[in-house]
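Trainee: Could you take me through one small part of this protein slowly? I'd like to see how a single residue sits among its neighbours.

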Amino acid sequence: EASVESDRRNILNYIVGRKELENSTPPETHPSYSDINSLVQSKFALASYRRTLESSQDVTNHRNVISKAPLREIQLSFHGTTQFRKEAEHFVLALPETLESLDLK
């Protein structure tokens, strides 16, 4: 949440693609809001995926978040991570439909 109301309006108007940013009331809901939220959540899920996997914690939520995100590219390194061998199939099945590039090291 932005601390200045005009910043909040401008950010939300930018997200929905409005050119007239100043003094324009953004819509309460918009599909782009969901897309941005999903994208941000997926970035955190990807950033913590390996560490969560290595600590033997459940990564189901990570996969669910990633699968729903409008990601076009994913770069992750699982080098030296033996836990990924068991997880690889689940990970691949959870890749988003929008994905164009996958780089696993």
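Mentor: Sure, and let's start with a word we'll need: a residue is called buried when its relative accessible area is under 20%, exposed when that value is over 50%, and partly exposed in between. Keep in mind that we're looking at a predicted model.

Let's zoom in on Glu87. You'll find Glu87 in helix α4, which covers residues 84-93. Is Glu87 buried or exposed? Its relative accessibility is 6%, and because the cut-off for buried is under 20%, Glu87 counts as buried.

So who does Glu87 meet in there? Setting aside residues up to four places away in sequence, Glu87 touches Tyr49, Leu53, Val59 and Arg63. Two of these deserve a closer look. The side chain of Glu87 makes a polar contact with the side chain of Tyr49 at 2.4 Å, and another with the side chain of Arg63 at 2.7 Å.

The Arg63 partner takes us a step further, since Arg63 and Glu87 also form a salt bridge, with 2.7 Å from N to O. This pair ties together distant parts of the chain: Arg63 belongs to helix α3 and Glu87 to helix α4, 24 residues apart. Both Arg63 and Glu87 are buried. As a general point, side chains of opposite charge can pair when their charged atoms come close.

Compare that with another of the 5 salt bridges in the structure. Glu5 pairs with Arg9, and their closest N and O atoms are 3.9 Å apart. Those two sit 4 residues apart in helix α1 (residues 5-15), so about one helical turn separates them. Glu5 is partly exposed, with a relative accessible area of 40%. There's also a salt bridge between Lys105 and Asp103, at 3.9 Å from N to O. In that pair, Lys105 is exposed at 61%, while Asp103 is partly exposed at 26%.

Now back to the other polar partner, Tyr49. If you leave out neighbours within four places in sequence, Tyr49 is in contact with Val59, His62, Arg63, Ile66, Phe78, Glu87 and Phe91. Notice that both Arg63 and Glu87 are on that list. His62 is there too, and His62 lies in helix α3, residues 60-67. With a relative accessible area of 12%, His62 is buried. Apart from neighbours within four places in sequence, His62 is in contact with Ala45, Ser48, Tyr49 and Thr52.

Tyr49 has one more role in our picture. The largest nonpolar core has 15 residues, and Tyr49, Ile66 and Ile74 are the ones that touch the most other members. Elements giving two or more residues to this core are α2, α3, β1 and α4, and α2 supplies the largest share, 4 residues. In soluble globular proteins, nonpolar side chains tend to be buried together.

Finally, step back and see where helix α4, the home of Glu87, fits in. Strand β1 (residues 73-76) pairs with strand β2 (residues 101-104) in the parallel sense, over 4 bridges. Going from β1 to β2, the chain passes through α4, and this β-α-β crossover is right-handed.

So here's the picture to take away: Glu87 is buried at 6% relative accessibility, has a salt bridge to Arg63, and makes a polar contact with Tyr49.

How values were computed
Residues are numbered from 1 along each chain as its sequence is written. This is a predicted model: local features need pLDDT of at least 70, side-chain atom pairs count only at pLDDT 80 or more; totals for chains, interfaces and linings use all residues. Side-chain values use heavy atoms; hydrogens and water are left out. Buried means under 20% relative accessible area, exposed over 50%, partly exposed in between (1.4 Å probe, protein chains only). A polar contact is a pair of N or O atoms within 3.5 Å; within protein, one must be able to donate a hydrogen and the other to accept it, and residues adjacent in sequence count only if both atoms are side-chain atoms. Contact means heavy atoms within 4.5 Å. Two strands pair if DSSP finds at least two bridges between them. A crossover is right-handed if, with the strands pointing away from the viewer, the path from the first strand over the helix to the second runs clockwise. A nonpolar core is a set of buried Ala, Val, Leu, Ile, Met, Phe, Trp, Tyr and Cys residues joined through side-chain atoms within 4.5 Å. A salt bridge is a side-chain nitrogen of Lys or Arg within 4 Å of a carboxyl oxygen of Asp or Glu.
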